[in-house]
Amino acid sequence: MLARLSSRGPKSLHSTFVLRLLLSQVASVSMGQLETLTTPVCIIGSGPAAHTAAIYVARAELTPILFEGWMANGIAAGGQLTTTTDVENFPGFPKGILGGELTDAFREQSKRFNTRIFSETVDEVDLSKRPFKVTTDTHQVEADTLIIATGAVAKRLEFKGAGENEGFWNRGISACAVCDGAAPMFRKVPLAVIGGGDSAMEEANFLTRYGSKVYIIHRRDEFRASKIMQKRALDNPKIEVLFSHSTLEAYGDTKGLNGLKLQNLKTNEIRDLPVKGLFFAIGHEPATKFLQNQLKTDADGYILTTPGSTKTSIDGVYAAGDVQDKKYRQAITAAGSGCMAALEAEHFLQEHEVQQGKSEPSTAENEALPDNGRAPPEHRPV
């Protein structure tokens with residue numbers, strides 16, 4: 001499928017890949033209803049990691065294909081940012097910007113450099129050999145490298161008033177205290193966190209910087225968080241813990257959330273809890289099921305990458321953003337890892353030789369993932 005790759009630089013790579021692109025478009029055949037396309041770099045995702053990778057790859061004239069999904073994991077293209085309102089911690093926007101507007105800007109910048117974007121959800125991938133195969137309902141893409149930036153979905157509880165249309169989601173209810181907790185609407189007012197793990201303890205402590213009081217609501221009678229994290233929360237005078245409670249309803253008015261109805265699971269007593277903010281801290285689920293265990297992941301499904309890199313357990317496959325980051329989960333860190341993935345993919349294409357009509361077998365087990373002592377290509381100035 002590939003003409004011989006040259007390591008002489010981006011321009012020679014560009015000539016090869018433009019020729020391949022033209023040939024694939026002229027000779028594109030149908031597999032049932034599937035159109036076959038080829039690309040040096042395929043990107044799966046639609047958030048800051050995916051589009052940062054696309055911008056870097058496209059500026060290197062490597063004609064990337066990006067699958068942004070169609071309501072993948074129940075979220076519109078753009079990922080978690082589309083579920084937020086004001087984003088105030090992304091550099092370059094001193095007055096803040098709406099999450100949806102920010103993701104629209106990502107997309108437009110990717111398109112400016114000729115990224116081919118398809119609003120299709122990837123159903124399956126074949127990583128057993130190169131070129132890798134990426135399949136949707138209407139396309140099968142053969143890619144020399146693959147960047148996975150499918151993100152992780154914050155888990156949310158369903159109860160009356162918690163939804164987006166008729167509830168208080170983004171009007172007092174959030175799933176990211178670090179992202180939203182400093183907003184003016186959450187300052188000097190009572191707040192609540194639902195959860196019992198380390199994330200809940202950390203977010204509750206964080207929110208005490210802004211809220212007048214923070215309640216931790218947990219349905220069990222003990223936390224599953226580590227002892228040290230529990231101690232920090234329990235020792236904080238601004239935190240009150242409500243064990244053995246579940247949330248039945250969120251209520252408020254046109255201005256936002258005013259309170260919660262809770263049920264004591266031991267006595268069945270129902271009480272009102274006046275709060276102006278509620279934060280879910282019950283974990284995230286990485287969007288990796290479509291990979292069908294072809295890449296190494298941790299016990300929670302997050303893709304494992306080499307420390308300081310986006311390399312996965314298969315050569316030529318990279319993971320960026322929240323799909324491999326269970327610690328920070330911020331738009332800006334996702335964008336940074338998208339840049340890393342793009343540069344590493346470009347370096348891989350320059351350093352590996354693939355003969356026309358042949359596919360190199362991928363390395364399924366790559367413990368050390370060495371870089372052969374070579375530094376990644378230098379960042380080209382804007």
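In the predicted model examined here, Leu-146 is in contact, once its neighbours within four places in sequence are left aside, with Cys-42, Ile-44, Leu-127, Phe-132, Val-134, Gly-316, Val-317 and Tyr-318. Leu-146 also belongs to the largest nonpolar core, a set of 23 residues within which Leu-146 and Val-134 are those with the most contacts. Two or more residues are given to this core by each of the strands β2 (34–45), β3 (65–67), β8 (132–135), β9 (139–149) and β20 (317–319), and it is β9 that gives the most, with 4 residues. A second core, separate from that one, comprises 22 residues, among them Leu-191, Ile-216, Met-229 and Ile-239. As a general background to such groupings, nonpolar side chains in soluble globular proteins tend to be buried together.

The packing of two helices was also described. Helix α5 (residues 198–207) and helix α6 (residues 227–234) pack at an angle of about 30 degrees, and their axes are 9 Å apart. Because angles under 35 degrees count as roughly parallel, α5 is roughly parallel to α6, and the crossing in which α5 passes α6 is left-handed. On the side of α5 the contact is made by Asp-198, Met-201, Glu-202 and Asn-205, while α6 takes part through Met-229, Gln-230, Arg-232 and Ala-233. When the residues of this contact are divided by character, 3 are nonpolar, 2 are polar and 3 are charged. Met-229, one of the residues through which α6 meets α5, is also included in the second core of 22 residues.

How values were computed
Residues numbered from 1 in each chain as written. Predicted model: local features only at pLDDT ≥ 70, side-chain atom pairs only at ≥ 80, totals over all residues. Heavy atoms only, no water. Axes fitted to C-alpha atoms, helices over the stretch in contact; angles between N-to-C directions. Parallel < 35°, antiparallel > 145°, perpendicular 65-115°, else oblique. Left-handed = near helix turned anticlockwise from the far one by under 90°. Contact = heavy atoms within 4.5 Å. Nonpolar A, V, L, I, M, F, W, Y, C, P; charged D, E, K, R; others polar. Core = buried A, V, L, I, M, F, W, Y, C linked by side-chain atoms within 4.5 Å. Buried < 20%, exposed > 50% of the residue type's maximum accessible area, 1.4 Å probe, protein only.
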